[in-house]
Amino acid sequence: MEWNFKLPAVQGIVTIKSYDPLFKEQVAGLYRQGHPDSFDDYDLEYIGKFLDHFSEAENKFCFLAFVRNILVGASIVEKVFGPQDIWETSYAIVKGTARKLGIGRTLIGAQEECLRDITRISFVVNAGILPETVVSYPFWKSVGYEHWAVLPGYFRDDLAGIFLAKRNPYYRIGRGIPRDSRWSADIVDSLTGEKVSKRRYGEILRSLGPVSKEKWGLGLILGEKIP
């Protein structure tokens with residue numbers, strides 16, 4: 001995949017490409033720029049192994065952003081084991097000098113467009129405490145991700161993980177759901193054992209509704225797509 005975009009704030013064309021092993025050293029070098037605030041030694045080791053053994057056939061992708069043939073951004077996304085096509089963006093980065101120009105938004109928009117037919121929910125996890133300069137929570141909120149949950153002790157240093165999620169408006173609702181998962185009069189809350197009313201059941205189902213199509217994929221990108 002290769003797409004080109006003209007963004008108002010960028011001098012030059014922004015090119016989004018799928019990862020190729022030819023870019024391995026450039027990508028690894030870009031992620032090293034995020035050490036130690038955003039990525040620790042374990043992260044860099046994992047990213048290195050990911051790039052060494054990369055294969056899109058294994059339900060994982062890496063997307064890259066270039067400006068004038070210089071790598072300025074990268075995003076790694078993988079399918080989470082389990083039902084219903086949930087994918088996690090585990091490592092995303094934009095070079096410091098290229099931030100706040102719309103490149104990160106374009107990178108994530110292109111990623112979502114490529115995965116729109118196979119992703120029901122896309123999510124990211126932010127550490128609960130980070131240096132002010134690397135907190136990415138506001139960015140993910142700006143591209144349509146919603147607060148999903150907080151999991152205490154999620155990270156290796158026992159910091160909480162802040163989960164942000166986004167539901168794909170193009171994914172066909174209900175695919176693969178069995179009939180006996182629908183509401184019935186004897187359905188109960190799994191944690192409390194209390195009965196769940198039909199109204200409450202509907203509220204639960206709608207608790208993470210799909211975003212508008214303008215907030216998914218190419219709808220996110222604020223620039224012009226160039227053939």
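Where is the place of Asn69? Select Asn69 and you land in the loop between β3 and β4. Keep in mind as you click around that this is a predicted model.

**Stop 1: the β3–β4 loop**

With Asn69 still selected, check the backbone. Its phi is near 65 degrees, which is a positive value in a residue other than glycine. Turn on a surface and Asn69 shows up as exposed, because its relative accessible area is 69% and the cut-off for exposed is over 50%.

**Stop 2: back into β3**

Now step back to Val67, which sits in strand β3, residues 60-67. Unlike the loop residue you just left, Val67 is buried, with a relative accessible area of 8%. Show what surrounds Val67: leaving aside neighbours within four places in sequence, it is in contact with Val10, Gln11, Ile13, Val14, Val72 and Ile103. For a sense of scale, draw a C-alpha to C-alpha distance from Val67 to Lys49: these two are 18 residues apart in sequence and 26 Å apart in space.

Stay on the strand and pick Cys62, also in β3. Is Cys62 buried or exposed? Cys62 is buried, and its relative accessible area is 0%. Its surroundings make a good selection: Cys62 touches Lys17, Ser18, Tyr19, Phe50, Phe54, Ser75 and Ile76, again not counting residues up to four places away in sequence. For a long ruler line, go from Cys62 to Arg156, with the two positions 94 residues apart in sequence and 24 Å between their C-alpha atoms.

**Stop 3: a cis peptide**

Jump to Pro36, in the loop between α1 (24-32) and α2 (41-52). Zoom in on the bond that joins His35 and Pro36: this peptide bond is cis, with omega at about 10 degrees.

**Stop 4: Asp85 and its partners**

Next, select Asp85, in the loop between β4 (70-79) and β5 (86-94). Loop or not, Asp85 is buried, with a relative accessible area of 15%. Which side chains does the Asp85 side chain make polar contacts with? One is Lys79, at 3.1 Å. Another is Tyr171, at 2.8 Å. Show Asp85, Lys79 and Tyr171 as sticks to see both contacts in one view.

**Stop 5: helix α3 and the loop before β9**

Move to Glu113 in helix α3, residues 103-115. This glutamate counts as buried, because its relative accessible area of 17% falls under the 20% cut-off. Sequence neighbours within four places aside, Glu113 is in contact with Trp3, Trp216, Gly217 and Leu218.

From there go on to Ile221, in the loop between α5 (198-205) and β9 (224-226). Ile221 is buried too, at 10% relative accessibility. Its contacts, with neighbours within four places left out, are Phe5, Leu7, Arg105, Thr106, Gly109 and Ala110. One more distance is worth drawing here: Ile221 and Val143 are 78 residues apart in sequence, yet their C-alpha atoms are 9.5 Å apart.

**Stop 6: another positive phi**

Select Asp158, in the loop between β7 (146-151) and β8 (161-167). Its phi is near 75 degrees, a positive value in a residue other than glycine. Asp158 is exposed, with a relative accessible area of 60%.

**Stop 7: zoom out**

Clear the selection and switch to cartoon. How many helices and strands are there in the chain? There are 5 helices and 9 strands. Trace them along the sequence and you get β-β-α-α-β-β-β-α-β-α-β-β-α-β.

In overall extent, the C-alpha trace spans about 60 × 45 × 35 Å along its principal axes. The chain has a radius of gyration of 19 Å, which agrees with the value near 17 Å for a compact globule of 227 residues. Buried residues make up 41% of the 227. Of the contacts between residues at least 6 apart in sequence, 63% join residues at least 24 apart.

Finally, put the surface back on. The accessible surface is about 13,200 Å², and 53% of it belongs to carbon and sulfur atoms. Colour by charge and you can pick out 30 positive and 28 negative side chains, with the centres of the two sets 8 Å apart.

Definitions and conventions. Residues are numbered from 1 along each chain as its sequence is written. This is a predicted model: local features need pLDDT of at least 70, side-chain atom pairs count only at pLDDT 80 or more; totals for chains, interfaces and linings use all residues. Side-chain values use heavy atoms; hydrogens and water are left out. Helices (H or I, at least four residues) and strands (E, at least two) are DSSP runs, numbered from the N terminus. Buried means under 20% relative accessible area, exposed over 50%, partly exposed in between (1.4 Å probe, protein chains only). A polar contact is a pair of N or O atoms within 3.5 Å; within protein, one must be able to donate a hydrogen and the other to accept it, and residues adjacent in sequence count only if both atoms are side-chain atoms. The radius of gyration is taken over C-alpha atoms; the globule rule is 2.2 Å times the number of residues to the power 0.38. Contact means heavy atoms within 4.5 Å. Accessible areas come from the Shrake-Rupley method with a 1.4 Å probe; for residues, only the protein chains shown count as cover. Lys and Arg count as positive and Asp and Glu as negative; His and the chain ends are not counted. The place of a charge is taken as NZ of Lys, CZ of Arg, CG of Asp or CD of Glu.
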